[in-house]
Structures are given as C-alpha cells and as structure tokens.
Amino acid sequence: LSPVCLGSLRRAASINAEYMGVTNLTKIPVFSVEETLKVLKKGYQARVVGATQANMHSSRSHMIVTLHLSKTSGFTQTTTKGMLNLIDLAGNERLKDSNASGEALVETLHINRSLAALGDVMTALAKRHVHVPYRNSKLTQLLQSSLENSFIYMFVNISPASVYTRETFQTLQFARRVKNINIGQIMSHQLSKTHYKNSRRLQQEKQKVRKLGGQLKDAKTKNQTLSKILITARKTAKNELELAKKKQKR
C-alpha cells in the first residue's frame, strides 16, 4: 500500500454492507491453508522495502491482505461468508534518525501521515465522536471495514534499543489507547457477556427467592400444625376442667 502503486479506491459489496477496495486488484482463489500461505508469501515478496540509517530492512509501504471466506454446510446447504483483513503497518520513523532523502523521504512522509491519520481515527473511536475521520487517509479508508462491526486483534512491535526509547513510549501509548476502544461486535460481545452475567445473577437470586418461599411455606405449614395442636390441647384441657368441676359438685 504505497502512494505510487495504490490505485483509486472504490466501494464494493460486502456480506452485510459495503467496504472500501482498490481497483484492478488480483483475486486468487485458495482452498487450503498451504495455498493461502503461498499467496501470502508471494505478496510479501512484492512488498516495497528499503534501507535507512534506522533500519536496514525498512518497510516502505503498508501491507493489507483481504481474505474472503466462504463455507457451505453439507447438512443445511446454507453458505456462510466472512472477510478477514491481515494488516502489517509500516513503522513510524523520525527523519533525523533515518536520514531519508529523495523518494525514501516522500515514502516516510506518506507513512507517517497515514499512521497519524490512523491515530486520529483511533482517538475519535475511543472518545465516541459522531464523526470519525476515515477519509483523511487511504489507509484509514481501507481499514474502515475492519474498524466497524469487527473483532480486532492488534500486535505492536517495539525496539529494546535505548536510542529508540521515544518511539517505544509512543508505540505503547498508542497500544494503550487502542486497547481502550470498544467498537462494533466487540462492544456487542462485551454487552452480551455483561447481560449473561446479569441474567445468571438474576437466575441465582430467583432461585434464592424460590428457596426462601419454600422455607416460608414450610414454616407456615408447621405453624398451622402447631396451631391445631394448641387448639386441640386447649379443648382437651377445657373439657378436662369441666369434668373436674362436675365431679366436685357431685
């Protein structure tokens, strides 16, 4: 995904909505994990890389692989479709460390701007802004479908070298900001999980109420039994007392 090779963007039909795609891309059908890995390797070999003073194998472009998955049930004959985006972002580089010039300088500027745009999108999502600036970069436009109604896993790479402490700190800050974002199905999943916990707690409370109700019913039955015993005892005592009085009169 470099500024030079990236063609015009277009909207394409997805499973339940639209997603942003690149025109004139090649779609390769695959039917196994091995075939998928071969295609990924082929795409990786075509990725633009270059040497800078900061990195001998610096990625000069982002890499996005979109997998369209389809599975037909042999029992119901229904087809389930999905889309998986595998994204490898080029790292942010400071010009004073990379000393990039010419075409490498232009690539660095484009990479840094796209990453900054991605940071703005993440901030907007984290703060639940009404407007999310996806259109500020072709990168964020392409990732829009991955940032809405999706499950997202993000891995960040940091350098152990002390000279890159600033970049490491900024990367960790970005990762923390991304971690605090709840979007799409992830939010729904979390809400569903909370709903499940609350429902389970409610069921437990209902069981406690039913148990207490049963205990109360047993207590009432025992009280009724004791009341009958007391009433019978009183009648017996009253009868015995009346008999005793009659005997005394005789």
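What share of the 250 residues in the chain is buried? In this predicted model, buried residues make up 23% of the chain. The fold contains six helices and six strands, and along the sequence these follow the pattern β-β-α-β-β-β-β-α-α-α-α-α.

The helix at residues 33–45 is H1. Its 13 residues cover 18 Å from the first C-alpha to the last, close to the 18 Å expected at 1.5 Å a residue. How many of the 13 residues of H1 are buried? The number is one, so H1 lies largely in the open.

Next come two paired strands. Strand S5 spans residues 63–72 and strand S6 spans residues 79–88; the two pair in the antiparallel sense over ten bridges. One pairing can be followed by residue: Val65 has Leu86 in S6 as its bridge partner. Six residues lie between the strands of this hairpin, and in it Gln77 takes a positive phi near 65°.

Asn85 also belongs to strand S6. Is Asn85 buried or exposed? Its relative accessible area is 19%, and the cut-off for buried is under 20%, so Asn85 counts as buried. The side chain of Asn85 has a polar contact, at 2.7 Å, with the side chain of Thr66. In a regular strand, side chains alternate between the two faces of the sheet.

Further along the sequence is helix H5, made of residues 165–179. Two of its residues can be looked at in turn, Leu172 and Lys179. Leu172 has a relative accessible area of 44%, which makes this residue partly exposed. Leu172 also contributes to a nonpolar surface patch of about 380 Å², together with Ile152, Met154, Val156 and Ile158. Membership in such a patch requires over 30% relative accessible area, and the 44% of Leu172 is given above.

Lys179, also in H5, has a relative accessible area of 72%. Because exposed means over 50%, Lys179 falls in the exposed class. How far apart in space are Lys179 and Ala126, C-alpha to C-alpha? The distance is 9.1 Å, while in sequence the two residues are 53 residues apart.

Taken by accessibility, the residues followed here include buried Asn85 in S6, partly exposed Leu172 and exposed Lys179.

Note on methods. Residues numbered from 1 in each chain as written. Predicted model: local features only at pLDDT ≥ 70, side-chain atom pairs only at ≥ 80, totals over all residues. Heavy atoms only, no water. Patch = residues over 30% accessible without salt bridge, like charges linked within 9 Å, V, L, I, M, F, W, Y side chains within 5 Å. Areas by Shrake-Rupley, 256 points an atom, 1.4 Å probe, with all protein chains shown as cover. Salt bridge = Lys/Arg side-chain N within 4 Å of Asp/Glu carboxyl O. Helix = DSSP H or I, 4+ residues; strand = E, 2+ residues; numbered from the N terminus. Buried < 20%, exposed > 50% of the residue type's maximum accessible area, 1.4 Å probe, protein only. Pairing = 2+ DSSP bridges. Expected span 1.5 Å × (residues − 1). Polar contact = N/O pair within 3.5 Å; in protein donor to acceptor, adjacent residues only side chain to side chain.
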